[in-house]
2 protein chains.
Amino acid sequence: MDSRQIQQVRHFNRVVTQRIGALEESYLRRGRPLGEARLIFEAGAHGADVRALRSKLGLDSGYLSRLLRSLEAQGLILVDKQIGDGRLRRVSLTPKGQAEFAAYEGLSDELAQSILAPLEAAQRDRLVDAMAEVERLIRVAAVDVRIEAPGSEDARWCLDEYFHELTERFESGFDPTKSNPARDDEMAPPAGVFIVARLDGCPAGCCALKFGDKTTGEIKRMWTASSARGRGIARKMLQTLEAIARDAGLTALRLETNRTLKEAQALYRSEGYREVAPFNDEPYAHHWFAKDL
Amino acid sequence: MDSRQIQQVRHFNRVVTQRIGALEESYLRRGRPLGEARLIFEAGAHGADVRALRSKLGLDSGYLSRLLRSLEAQGLILVDKQIGDGRLRRVSLTPKGQAEFAAYEGLSDELAQSILAPLEAAQRDRLVDAMAEVERLIRVAAVDVRIEAPGSEDARWCLDEYFHELTERFESGFDPTKSNPARDDEMAPPAGVFIVARLDGCPAGCCALKFGDKTTGEIKRMWTASSARGRGIARKMLQTLEAIARDAGLTALRLETNRTLKEAQALYRSEGYREVAPFNDEPYAHHWFAKDL
DNA sequence: TCCATTCTCTGACTTTAGTCAGATATCTCT
DNA sequence: AGAGATATCTGACTAAAGTCAGAGAATGGA
């Protein structure tokens, strides 16, 4: 990472956040404190419960409560008990609140137009493309890869999606009971680890490592959500697991995969895995790979 | 401008400003109120006068004064009379303030690194390029084209640069006394207008229109700063003058140019100007153009 | 010289944002 | 039914940010 790149990023931070920040100030205030405006915006068209708002906006519960009282007094929101759990409160916009929300929506559009309007068509296209690229990569930079229990809610969700995808993609379909199993306890300490990758807090991929015979580990359950592909998330998970394997004293990793999973094979090859003779009898596998750490 | 583009811009505004804003919060605070931190940052290595700080940061004079008192009490800045104008105060950093400033610099670098570090080299390159593009175009979108007296300080500066450039670029050099003149009063109401384009407040180009014989106007002194080329500034100035000409009831515009100014000729052609027979005896001209409005 | 203007400063405010320690109601688990 | 956890609310704070009216010094131009 050279210093020219760092300077460019700093420059971008200054110029772009300042300009857009200033525009947001002037467009989105509508004579209301920012906290209240954000709250209306987040409660949005469908409403939300107070707990969700608190965690999304990162506010103190006392503070949030007061903001809600204020919006209630202005006749913009209704707060009533959540059916099901009587501790939770549900926030919804009154018709007047909906109107406010619509006004914010309109102003956000205007703000975006005020950026695009002075440009020529070709410049607009380039700006929009470049913004999409920056946004995409900023999100990628914030990918959070974390060790997690294979039984956790998000891990379960990933595995379900993974199996579902295999069923779709394998020519012969996929029946977990016919495949070599990887039980939860094999993917959790001390026998192994399970990692989940998250994009903006939403699970976007998973992967597991079984420590195996203490010299050779096995990679299992490598999966990336289709909505999050092409961002290097699988590579990042693989590299994370390799680092964990090295720390655990393993000297090699191996894995098997199905011939329909072309992108996975390309990843393994580019990360230095070599195809080897079958080392197990997994019925759904067509390729076996290994790498020395 | 389609709504998909507007949505992309809005999305960018949300995701990117939020993420970078949050990072700046966590990196740049150093246990100090944001206002004070910004002030140290702006006063910077070379110091600044209070008026410049006030307009740059957009602060109330009373508020700014209080911030300065606070930083002074912390031993971070010195405030003394400006030599020349005794009403102005000059702010400069003490050695302790310089150290604070350096710390902010270091943290800004760290912040930038924290964005780049999780990415692969190729992704980093793409992010930096896309950021440069966004920054460039956001600046372009904020180009400010304004009618101005040809005698104003910035107009003078533009014209000096313009003549200097002609001297460099014309094969025969350029001597203003041998060229057909355009006097200041011909480029100001009621005889004409002079416009200056600014990028972030700095003059980046100029252009003049002489109303001429009330049906046909003349474009003169079209110039863009070399540091600001390739951003459509000249085109924007030209379009601005055409709009003014139309409003003034003119039905045609014409201009002459030198053969070495290839990019200007390309601009005129692409904006619908056709080459015509010489309509004056400007000794430095090789091409004459005209356009019906 | 004098008068309007410019620039900075001070005092007296308000609003916004945020924290913290309980109080109260409700839920979950045993 | 009771213990402990969870979710929200209230009261009592503080800090930061910002506004407004005017005072006082310096300047620029008539």
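Colleague: Let's start at the DNA. How do the residues of the surface near DNA strand C divide by class?

Modeller: There are six nonpolar, six polar and 11 charged residues in that surface. Keep in mind that this is a predicted model.

Colleague: What makes a residue such as Arg51(B) part of that surface?

Modeller: A residue counts as near a strand when one of its heavy atoms lies within 4 Å of it. There are 23 such residues around DNA strand C, and Gly86(A), Arg51(B), Arg54(B), Arg66(B) and Arg69(B) come nearest. On the DNA side, sugar and phosphate make up 69% of the strand C atoms that come within 4 Å of the protein.

Colleague: Which helices supply at least two residues each to the surface near DNA strand C?

Modeller: Both chains take part: helix 2 (34–43) and helix 4 (61–73) come from chain A, and helix 3 (50–57) and helix 4 (61–73) from chain B. Helix 4 of chain B has the largest share, with six residues.

Colleague: How do you know that Gly86(A) makes a polar contact with DNA strand C?

Modeller: One of its backbone N or O atoms lies 2.6 Å from a phosphate oxygen of the strand. The cut-off for a pair of N or O atoms is 3.5 Å, so this pair qualifies. Tyr63(A) passes as well: a polar atom of its side chain is 3.4 Å from a sugar or linking oxygen of DNA strand C.

Colleague: Which residue of chain B has a side-chain N or O atom 3.3 Å from a base nitrogen of DNA strand C?

Modeller: That is Ser61(B). The value of 3.3 Å also falls within the 3.5 Å limit, so the pair is a polar contact.

Colleague: Now for DNA strand D. Which residues come nearest to it?

Modeller: Of the 21 residues around DNA strand D, these are Arg51(A), Arg54(A), Arg66(A), Arg69(A) and Tyr63(B). Sugar and phosphate account for 69% of the strand D atoms within 4 Å of the protein. By class, the surface has five nonpolar, six polar and 10 charged residues.

Colleague: What makes the pairs of Arg51(A) and Arg69(A) with DNA strand D polar contacts?

Modeller: A side-chain N or O atom of Arg51(A) is 2.2 Å from a phosphate oxygen of strand D, and for Arg69(A) the corresponding distance to a phosphate oxygen is 2.5 Å. Both values are inside the 3.5 Å limit, so both pairs count. Two or more residues of this surface come from each of helix 3 (50–57) and helix 4 of chain A, and from each of helix 2 (34–43) and helix 4 of chain B. Helix 4 of chain A gives the most, with five.

Colleague: Why is the relation between chains A and B called a two-fold axis?

Modeller: Chain B can be laid on chain A by a turn of 180° and a shift of 0.1 Å along the axis, with an RMSD of 0.5 Å. That is what a two-fold axis does. In chain B, the C-alpha nearest the axis belongs to Ala130(B), at 2.4 Å.

Colleague: How do you know that the copies meet through the same surface?

Modeller: Because 100% of the interface residues of chain B are also interface residues in chain A.

Colleague: Why is Lys214(A) called exposed?

Modeller: Its relative accessible area is 59%, and exposed means over 50%, so the label fits. Lys214(A) sits in the loop between strand 6 (202–210) and strand 7 (216–224) of chain A. It also has a positive phi of about 80°, although it is not a glycine.

Colleague: And what makes Gln265(A) buried?

Modeller: Its relative accessibility is 6%, and the limit for buried is under 20%, so Gln265(A) belongs there. The residue is in helix 9 (262–270) of chain A. Beyond its neighbours within four places in sequence, its contacts are Thr257(A), Asn258(A), Arg259(A), His287(A) and Phe289(A).

Colleague: Why is Glu186(A), found in a loop, also called buried?

Modeller: Its value of 18% is again under 20%, so the same label applies. The loop runs between helix 7 (153–169) and strand 5 (192–199) of chain A. A polar side-chain atom of Glu186(A) lies 2.8 Å from the backbone nitrogen of Arg183(A).

Methods: Residues are numbered from 1 along each chain as its sequence is written. Chains are lettered from A and ligands numbered from 1 in the order in which they are written. This is a predicted model: local features need pLDDT of at least 70, side-chain atom pairs count only at pLDDT 80 or more; totals for chains, interfaces and linings use all residues. Side-chain values use heavy atoms; hydrogens and water are left out. Copies are superposed by least squares on the C-alpha atoms of residues with pLDDT of at least 70 in both. Contact means heavy atoms within 4.5 Å. Helices (H or I, at least four residues) and strands (E, at least two) are DSSP runs, numbered from the N terminus. Buried means under 20% relative accessible area, exposed over 50%, partly exposed in between (1.4 Å probe, protein chains only). A polar contact is a pair of N or O atoms within 3.5 Å; within protein, one must be able to donate a hydrogen and the other to accept it, and residues adjacent in sequence count only if both atoms are side-chain atoms. Ala, Val, Leu, Ile, Met, Phe, Trp, Tyr, Cys and Pro count as nonpolar, Asp, Glu, Lys and Arg as charged, and the others, Gly among them, as polar.
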